[in-house]
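Student: I am new to this structure and would like to go through it step by step. Can we begin with one residue and work outward?

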Amino acid sequence: MATPVDGEGQPSLNGTIPDPQTKKLTDLPTELLEHILCFPVLKHVDICNVSCCCKRLHDVCHGRGKVWGHQYKLRWPRLQRFYRQNESCDWLREYKTRHRVGIQIRRTVESISKRFFTEVPCVGQVLGDSFAEIESLGMPEHFCEDELLFILNSDKRKSLTLKYYAKKILYFLRQQNILKSLKNFLEQPTEQQSALEGAVLVDQYCNPLADVTLDSISAQLDEITEKVKKMLRIKNPSHPSLRIAQGNCSVVEDFELQRQVICALNSVLYEQLQYKGNECDYYNPLNSYIHQVLLRRTGIPISLSVLYMTLAQRLGVQLEPVNFPNHFLLRWCQKPTGTEDIYDFVYIDAFGKGKQLTAKECEYLIGHQVTADYYSAISTTEVLLRMVGNLLNIGKRGEGNEKSYQLLRDSLDLYLTINPDNVQYLLLQARLYFHLGIWPEKVLDILQHIQALDPSQHGAVGYLVQHTLEHIQHKKHPVTPEVKRRSAPEHLEVQYSVGLIMKHKRSGYNCVIYGWDPKCTMSPEWISTMRVHQLSNGANQPFYNVLVQDGTCRYAAQENLEPHSAPLEIGHPEVGRYFSEFADTYYVANEELQTRYPEDMDETLCTVREFYHRLTPSAGNQEEAPTTDQNNQQAMSM
């Protein structure tokens, strides 16, 4: 048999003679090549390599083509909503920009812990410098947000510190955008301002990480409106409200037809859907957030009034908001438009299941008489001020923890955006920032503004200016943090180490250690109040800073703690400040915490390995108290 040959009589490698008509890969149609290069197994590096092979493949992989469009959509699917379908775009340029933004954002977030770490949690800490850095990069905001979300959605148990600061930055960036939207909203003509849109902006600002949009809220109200129309259709098939299309501002003029709308609305809202005023938990801030009102079907007078008024308007009935003291109301005119006689109106209590009241009955509602001014209709801006004022009061009533301080800060930001020259709240904002030890440069700006508005505040302003300047000087010369080594003679009695998951012997709560002292370092007053002297070893024993499962920070005596027999993750918002990973049975301290406690991680690993399943139960003695002022050192019990 003849030997197979290749080319000019040369044998081929596989023993066959090649067909001179065989096509190369590059001979395939462009559409087929694009299809091949869009296989999911190919990554951007592969496409770059392919495009460097020859001019033909380079042309197929051009920036505006299908291949790079596929790579972009495959890697960053959340960004697709920013592009129109079939939009012509330079996908390669978009890919490079998004990739570069990701690197810059990650570098910035990674650097924050080194600059802002503190062993004692600083309530409401503001990372102003880092936020300014990100803004100064001039990168597309949606790219920045997408990278932050990418970090937050990565492996749940890893990169905890990176996620902690990514979440803070995302919170800030979203709030800044919402404030811009609020300012634009306030610049609109009064008659174009919607109370619902304003309420959504307030909700979004206080919950920037929640998925709250005006479209989603409007869609839910559309569903309720359709339910009301269904009931109206049963009562009156020819009712004009049935012909009002979504987004139409038609008004039903006939009072009897209006009454039918109000009756149907009450029936659907309070009987069918079971909406009600939240009398049992009135001061819960969730009652003020419109998305939570719709979710939980309960709220306070003003939030339920905004909901009720918006639904009535969609059905052709114009109601007006009334800033009644202690109980927000709506008024429904019973006479031709233009009257201001308070007795020409019926007043609707949305909190009280839509009950209709006369002017006199409104006074019975609050237990005292008021002047006619309180029955007047108010603007959308005044509705928002009342709504934000409620949140402010809830924040001031709080327990001095992270959550209440955040609510107070957010509501102050909103109030002063709407009414920037309110001296009372400007001074409260300055005092709050001063108390928390944050953003001293902004405190000085606020104080300067107060002084310009009201020179009589000179005394309070002068005191805060002096101490804020001292704080700025202190920041320029930071104190070197103490490094605690377990091997030091004064630390030999310290049994436990940072990262260990513990259980309190008496109270039973679960926690993780993020710091310790060889002896109790709290004030004599605290030691006396918490009855530390009743412990068998009193204050003369190691005490531990712990993050508790319920979100509090406590200071626990060594004799009252023991390693947890069944370790679990601790759902505390500050975990990421101190730890980089949850490793099934313990937390791994991040670089900054390991710098403070350089010998602790070895001890933690040793404890987990050698003693975890050989615990000796012992009785604890004292209860601990939750944190009340984390800025001045946690007020925590033994």
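Student: Is Arg78 buried, partly exposed or exposed?
Tutor: This is a predicted model, and the class follows from the relative accessible area. Buried means under 20% and exposed means over 50%. Arg78 has a relative accessibility of 35%, so the class is partly exposed.

Student: Which residue forms a salt bridge with Arg78?
Tutor: Side chains of opposite charge can pair when their charged atoms come close. For Arg78 the closest N and O atoms of the salt bridge are 3.1 Å apart. The partner is buried, with a relative accessible area of 4%. That partner is Asp146.

Student: How many residues apart in sequence are the parts that Arg78 and Asp146 tie together?
Tutor: Arg78 lies in the loop between helix H4 (66-75) and helix H5 (91-116). Asp146 belongs to helix H7 (residues 141-152). The pair therefore ties together parts whose separation in sequence is 68 residues.

Student: How many salt bridges are there in the whole structure?
Tutor: Another of them joins the side chains of Lys335 and Asp344, at 3.3 Å from N to O. Lys335 is partly exposed at 42% relative accessibility, whereas Asp344 is buried at 14%. A search of the whole structure gives a count of 21.

Student: Where does Lys484, the salt-bridge partner of Asp517, lie?
Tutor: In this salt bridge the closest N and O atoms are 2.6 Å apart. Asp517 is in strand E8, and the pair ties together parts that are 33 residues apart in sequence. Both Asp517 and Lys484 are buried. Lys484 lies in the loop between helix H19 (458-476) and strand E7 (501-504).

Student: Which residues are joined into one network by salt bridges that share partners?
Tutor: Arg78 and Asp146 form a salt bridge, and both belong to the network. The members are Arg78, Arg98, Arg106, Asp146 and Glu147.

Student: Now the aromatic rings. How many aromatic pairs does the structure hold, and what is the angle between the planes of Tyr282 and Phe351?
Tutor: The structure holds 22 aromatic pairs. In the pair of Tyr282 and Phe351 the centres are 5.8 Å apart. Planes over 60 degrees apart count as edge-to-face, and this pair is edge-to-face, with an angle of 75 degrees.

Student: Why does the pair of Tyr282 and Phe351 tie together parts that are apart in sequence?
Tutor: Tyr282 lies in the loop between strand E1 (276-277) and helix H12 (290-296). Phe351 lies in the loop between strand E5 (345-349) and strand E6 (355-357), so the parts tied together are 69 residues apart.

Student: Which of Tyr282 and Phe351 counts as buried?
Tutor: The limit for buried is under 20% relative accessible area. Tyr282 has 28% and is partly exposed. At 11%, the buried residue is Phe351.

Student: Is the pair of Tyr514 and Tyr578 stacked or edge-to-face?
Tutor: The ring centres of Tyr514 and Tyr578 are 4.5 Å apart, with 25 degrees between the planes. Planes under 30 degrees apart count as stacked. The pair of Tyr514 and Tyr578 is stacked.

Student: Which ring does the charged end of Arg331 sit over?
Tutor: The charged end of Arg331 is 3.9 Å from the ring centre. A second case is Arg397, which lies over the face of Tyr283 at 3.8 Å from the ring centre. For Arg331 the ring is that of Phe345.

Student: What is the phi of Ser159?
Tutor: Most residues other than glycine have a negative phi. Ser159 is in the loop between H7 and helix H8 (160-186) and is partly exposed at 35% relative accessibility. Its phi is positive, near 55 degrees.

Student: Which element has the lowest mean pLDDT?
Tutor: The protein averages a pLDDT of 87, and 89% of the residues score at least 70. Among the elements, H12 has the highest mean, 98. The lowest mean, 63, belongs to helix H6 (residues 128-136).

Definitions and conventions
Residues numbered from 1 in each chain as written. Predicted model: local features only at pLDDT ≥ 70, side-chain atom pairs only at ≥ 80, totals over all residues. Heavy atoms only, no water. Phe/Tyr/Trp six-rings, centres within 6.5 Å; stacked < 30°, edge-to-face > 60°. Helix = DSSP H or I, 4+ residues; strand = E, 2+ residues; numbered from the N terminus. Buried < 20%, exposed > 50% of the residue type's maximum accessible area, 1.4 Å probe, protein only. Lys NZ or Arg CZ within 6 Å of the ring centre and 35° of its normal. Salt bridge = Lys/Arg side-chain N within 4 Å of Asp/Glu carboxyl O. pLDDT = per-residue confidence, 0-100.
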